[in-house]
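Q: Please take a close look at one part of this protein for me. I would like to follow the metal site and the strands around that stretch of the chain, step by step.

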Amino acid sequence: MNDLVKHSGLTVADDGAAISKGYMPGWANDFETEALPGALPQGLNSPQRCNYGLYGEQLSGTAFTANPPERTWCYRIRPSVKHSHRYKRIDLPYWKSAPCVDPDVISLGQYRWDAVAHTDEQLTWVTGMRTMTTAGDVNTQVGMASHVYLVNESMVDDYFFSADSELLVVPQEGRLRFATELGIIDVEPKEIAIIPRGLVYRVEVLEGPCRGFVCENYGQKFELPGRGPIGANCMANPRDFKAPVAAFEDREVPSTVTMKWCGQFHATKIDQSPLDVVAWHGNYTPYKYDLRAYCPVGAILFDHPDPSIFTVLTAPSGHPGTANIDFVLFRERWMVMEDTFRPPWYHKNIMSELMGNIYGQYDAKPQGFVPGGMSLHNMMLPHGPDKEAFEKASNANLGPDKLDNTMSFMFETRFPQHLTGFAANEAPLQDDYIDCWTDIEKKFDGTPGKK
Ligand SMILES: [Fe+2]
């Protein structure tokens with residue numbers, strides 16, 4: 001064992017976990033990786049007998065006939081049927097799924113929250129998930145949910161997977177490790193991780209407490225947006241996405257696997273770690289991305305484009321150009337436009353916009369939208385700069401100006417977002433948010449040339 005481990009560059013922990021921290025670059029590549037030499041069959045997917053006595057198994061993230069199909073071949077110590085036994089329903093009251101429409105909660109409006117505070121309660125990735133909004137329908141695989149996570153405890157012999165969804169993870173505080181069937185991903189603020197539907201994993205706290213945001217995508221997987229006339233460069237570049245190298249655990253210890261399925265949670269008991277994939281190849285993988293690699297594109301003379309210009313990833317719906325979800329990033333950038341009102345303009349939008357602040361100050365709202373905080377501008381509800389932002393932008397000396405120390409994001413969906421009871425009653429909702437537009441003045445008095 002030690003010779004093999006040395007050869008493959010792995011280290012082996014006392015508990016039998018083969019740990020290899022490393023990533024393979026590229027977007028949706030047909031990757032191949034093995035934690036032990038010769039574990040990956042060459043030239044065929046399903047040999048009569050796999051090396052090391054491994055079992056071959058395919059994980060399909062799309063229909064077989066999708067174009068392109070997304071699937072990964074795994075070569076593992078035990079097939080997944082050994083990691084799934086009888087299920088018993090469990091209750092996770094703070095993790096909600098659409099449709100979740102509380103008749104006592106009004107979702108029609110503009111909302112903003114301070115950061116959800118940490119507590120003394122011990123919370124894992126699974127028990128620390130707090131759903132803020134839901135949209136669409138998890139049973140028909142359309143829509144999404146937005147969550148805040150508060151995590152201060154590692155999962156130990158405890159695993160999770162979601163059959164309902166792909167999870168887009170946006171850390172805001174602390175560092176997390178996702179030990180998955182296909183390898184290890186570490187993430188921290190300014191990075192994101194994407195965990196695909198059906199992949200089993202455990203989440204460990206590397207540096208806590210941890211807080212962040214999750215977009216739970218019930219629909220088609222996130223894709224890179226088409227760049228259109230922008231061409232082959234800028235925005236998110238394919239090489240900056242990183243999939244993990246194979247790593248496995250040969251650890252026989254009583255363990256629990258929790259599964260999210262059609263909005264319900266069930267747990268099963270097994271006798272070993274399910275993270276036992278020694279080698280794999282395919283294009284259905286978890287991955288991470290450093291948001292500092294995102295190259296924003298914008299106006300260089302006057303006016304400015306719609307915020308879709310800042311899309312990092314998009315999850316399509318069946319209607320071309322109308323996303324189930326867009327993940328949009330507002331980061332540091334230069335503003336150089338002449339004779340232009342530079343902040344986001346006032347608008348109403350059929351899409352529903354949930355924003356979160358990772359750090360710094362957002363240009364349309366100098367006050368109140370704090371790091372860790374969120375806002376929701378729901379379907380066709382008007383919004384835009386507050387008075388301070390409007391007056392400042394209307395009277396600014398329009399030289400080149402750098403928006404610095406700012407990183408916010410948006411989960412934008414074609415479906416209206418419904419607040420959960422937690423978002424309406426327990427999270428730190430700013431009751432006075434709508435008042436930020438109250439003191440906007442009427443300037444019009446019929447005088448020509450008045451500005
Ligand atoms: Fe908006």
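A: What follows starts at the iron ion and then moves out to the strands, the cores and a few backbone details. Keep in mind that this is a predicted model.

Start with the metal. Which residues hold the iron ion? The protein donors are His347 (NE2), Glu353 (OE), Glu353 (OE) and His383 (NE2). Glu353 is listed twice, each time with an OE atom. The donors lie 1.9 to 2.5 Å from the iron ion. Along the sequence, the donor residues follow the spacing H-x5-E-x29-H.

What is the geometry of the site? The site of the iron ion is irregular. The angles among its four donor atoms run from 57 to 154°. A tetrahedral site would need all angles between 85 and 135 degrees, so this range does not fit that class.

Are the donors buried or exposed? Glu353 has a relative accessible area of 5%, so it counts as buried. His347 has 25% relative accessibility, so it counts as partly exposed.

Now the strands. Strand β23 covers residues 352-360. It belongs to an open sheet of six strands, in the order β8-β24-β23-β25-β22-β21. The pairing in this sheet is antiparallel. The edge strands are β8 (110-113) and β21 (311-316), and each pairs on one side only. From one strand to the next, the twist averages 15°.

A general point helps here. Strands of a sheet pair through backbone hydrogen bonds, either parallel or antiparallel.

Look at the partners of β23. Eight bridges link β23 to β25, in the antiparallel sense. Leu354 stands opposite Phe411 in β25. Four bridges join β23 to strand β24 (residues 374-377), again antiparallel. Here Met355 has Ser375 of β24 as its bridge partner.

Next, go to strand β25 (residues 401-413). It pairs with β22 over ten bridges, in the antiparallel sense. Arg333 stands opposite Leu403 in β25.

Which residues touch the most other members of the largest nonpolar core? They are Phe327 and Phe411. This core has 51 residues. Its largest share, five residues, comes from strand β22 (residues 323-335). Phe411 therefore appears twice in this account: it faces Leu354 across the sheet, and it is one of the two residues with the most contacts in the core. A second, separate core has 46 residues, including Trp125, Val151, Leu182 and Ala193. In soluble globular proteins, nonpolar side chains tend to be buried together.

Two loops here hold unusual backbone angles. Most residues other than glycine have a negative phi, and most peptide bonds are trans. Asp339 has a positive phi, near 40°. It sits in the loop between β22 and β23. Its relative accessibility is 74%, so Asp339 counts as exposed. Met380 also has a positive phi, of about 65°. Met380 is found in the loop between β24 and α2 (387-395). It is partly exposed, with a relative accessible area of 45%.

Now compare with another sheet. Four strands form an open sheet in the order β4-β19-β6-β5, with antiparallel pairing. Why do β4 (31-34) and β5 (55-60) each have a side without a neighbour in the sheet? They stand at the edges with a single partner strand each, so one side of each is left free of a neighbour. Neighbouring strands of this sheet are turned by 20° against each other on average, direction ignored. Inside it, β6 (residues 71-76) and β19 (residues 277-282) pair over five bridges. Cys74 stands opposite Trp280 in β19.

That brings up the cysteines. How many disulfides does the structure hold? It holds zero. The sulfur of Cys50 is 11 Å from the closest cysteine sulfur, in Cys74, so the gap is too far for a bond. Cys50 is buried, with a relative accessible area of 14%. Cys210 is in no disulfide either, and its nearest cysteine sulfur, that of Cys215, is 20 Å away. Cys210 is buried, at 0% relative accessibility.

Last, two cis peptide bonds. One runs from Asn67 to Pro68, with omega near -5°. Pro68 lies in the loop between β5 and β6. Another runs from Gly208 to Pro209, with omega near 0°. Pro209 is found in strand β15 (residues 201-217).

Methods:
Residues numbered from 1 in each chain as written. Predicted model: local features only at pLDDT ≥ 70, side-chain atom pairs only at ≥ 80, totals over all residues. Heavy atoms only, no water. Core = buried A, V, L, I, M, F, W, Y, C linked by side-chain atoms within 4.5 Å. Buried < 20%, exposed > 50% of the residue type's maximum accessible area, 1.4 Å probe, protein only. Pairing = 2+ DSSP bridges. Axes fitted to C-alpha atoms, helices over the stretch in contact; angles between N-to-C directions. Donors = N, O, S within 2.8 Å, 3.2 Å for Na, K, Ca; no water. Tetrahedral: all angles 85-135°; square planar, octahedral: opposite > 155°, others 65-115°. Disulfide = S-S within 2.5 Å.
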